[in-house]
Amino acid sequence: MAHVTAHAPSVSSPFANFFKGLFDALTRIAESNARVKQVEFLQNLSDEELAKRGLKRDDIVQYVFRDIVHL
């Protein structure tokens, strides 16, 4: 299997920095939206269905955001 790695040239202009910041913000919004949808999906499951997944209702948010929030 072949792996290809591309590196963008390092540009340190205000114009490039603006668009990088905008892209990063949009990426965070999209990731958050997917997480919110996952929380909603899990909240709609019955307690029995959650138990089959090894979850309790009170732990859903912590589970979905486990790589960001460490409680």
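The legends below describe several views of one protein, shown as a predicted model.

**View 1. The whole chain, with its three helices and zero strands.**
Following the sequence from its beginning, the reader meets the pattern α-α-α. Of the 71 residues in the protein, 13% are buried. The protein exposes about 6300 Å² of surface, and 60% of that area is supplied by carbon and sulfur atoms.

**View 2. Helix H1, which covers residues 14-43.**
With 30 residues at 1.5 Å a residue, H1 should span 44 Å, and because its end C-alpha atoms lie 43 Å apart in the model, the expected and computed spans agree. Arg35, Val39 and Leu42 are the buried residues of this helix, and the buried residues of H1 pack against H2 and H3. The spacing of residues along a helix can be understood from a general property: an α-helix has 3.6 residues a turn, so residues three or four places apart point the same way.

**View 3. A nonpolar patch on the surface of the protein.**
Phe15, Phe18, Phe19, Leu22, Leu26 and Ile29 make this patch, which comes to about 650 Å². One of these residues, leucine 26, lies in helix H1.

**View 4. The largest nonpolar core, built from eight residues.**
The members of this core are Val39, Leu42, Leu45, Leu50, Leu55, Ile60, Val64 and Phe65, and helices H1 and H3 each supply at least two of them. Which residues does leucine 55 touch, when those up to four places away in sequence are not counted? Leucine 55 touches Leu42, Leu50 and Tyr63.

**View 5. The salt bridge between arginine 35 and aspartate 67.**
The count of salt bridges in the protein comes to four, and in the one shown here the closest N and O atoms of arginine 35 and aspartate 67 are 2.8 Å apart. This pair links distant parts of the chain, since arginine 35 belongs to helix H1, whereas aspartate 67 is in the segment after helix H3 (60-64), 32 residues apart. Is arginine 35 buried or exposed? Arginine 35 has a relative accessible area of 17%, and because this is under the 20% limit, arginine 35 counts as buried. Aspartate 67, in contrast, has a relative accessible area of 51% and is exposed.

**View 6. The salt bridge between arginine 57 and aspartate 47.**
The side chains of arginine 57 and aspartate 47 meet with a distance of 2.8 Å from N to O. Arginine 57 lies in the loop between helix H2 (47-52) and H3, while aspartate 47 is in helix H2 itself, so the salt bridge ties together parts that are 10 residues apart in sequence. Arginine 57 is partly exposed, with a relative accessibility of 29%, whereas aspartate 47, at 52%, is exposed.

**View 7. The salt bridge between glutamate 48 and lysine 52.**
In this pair, the closest N and O atoms of glutamate 48 and lysine 52 are 4.0 Å apart. Glutamate 48 and lysine 52 are four residues apart in helix H2, and therefore about one helical turn separates them. Both glutamate 48 and lysine 52 are exposed. As a general rule that helps in reading such a view, side chains of opposite charge can pair when their charged atoms come close.

Methods: Residues numbered from 1 in each chain as written. Predicted model: local features only at pLDDT ≥ 70, side-chain atom pairs only at ≥ 80, totals over all residues. Heavy atoms only, no water. Helix = DSSP H or I, 4+ residues; strand = E, 2+ residues; numbered from the N terminus. Buried < 20%, exposed > 50% of the residue type's maximum accessible area, 1.4 Å probe, protein only. Areas by Shrake-Rupley, 256 points an atom, 1.4 Å probe, with all protein chains shown as cover. Core = buried A, V, L, I, M, F, W, Y, C linked by side-chain atoms within 4.5 Å. Contact = heavy atoms within 4.5 Å. Patch = residues over 30% accessible without salt bridge, like charges linked within 9 Å, V, L, I, M, F, W, Y side chains within 5 Å. Expected span 1.5 Å × (residues − 1).
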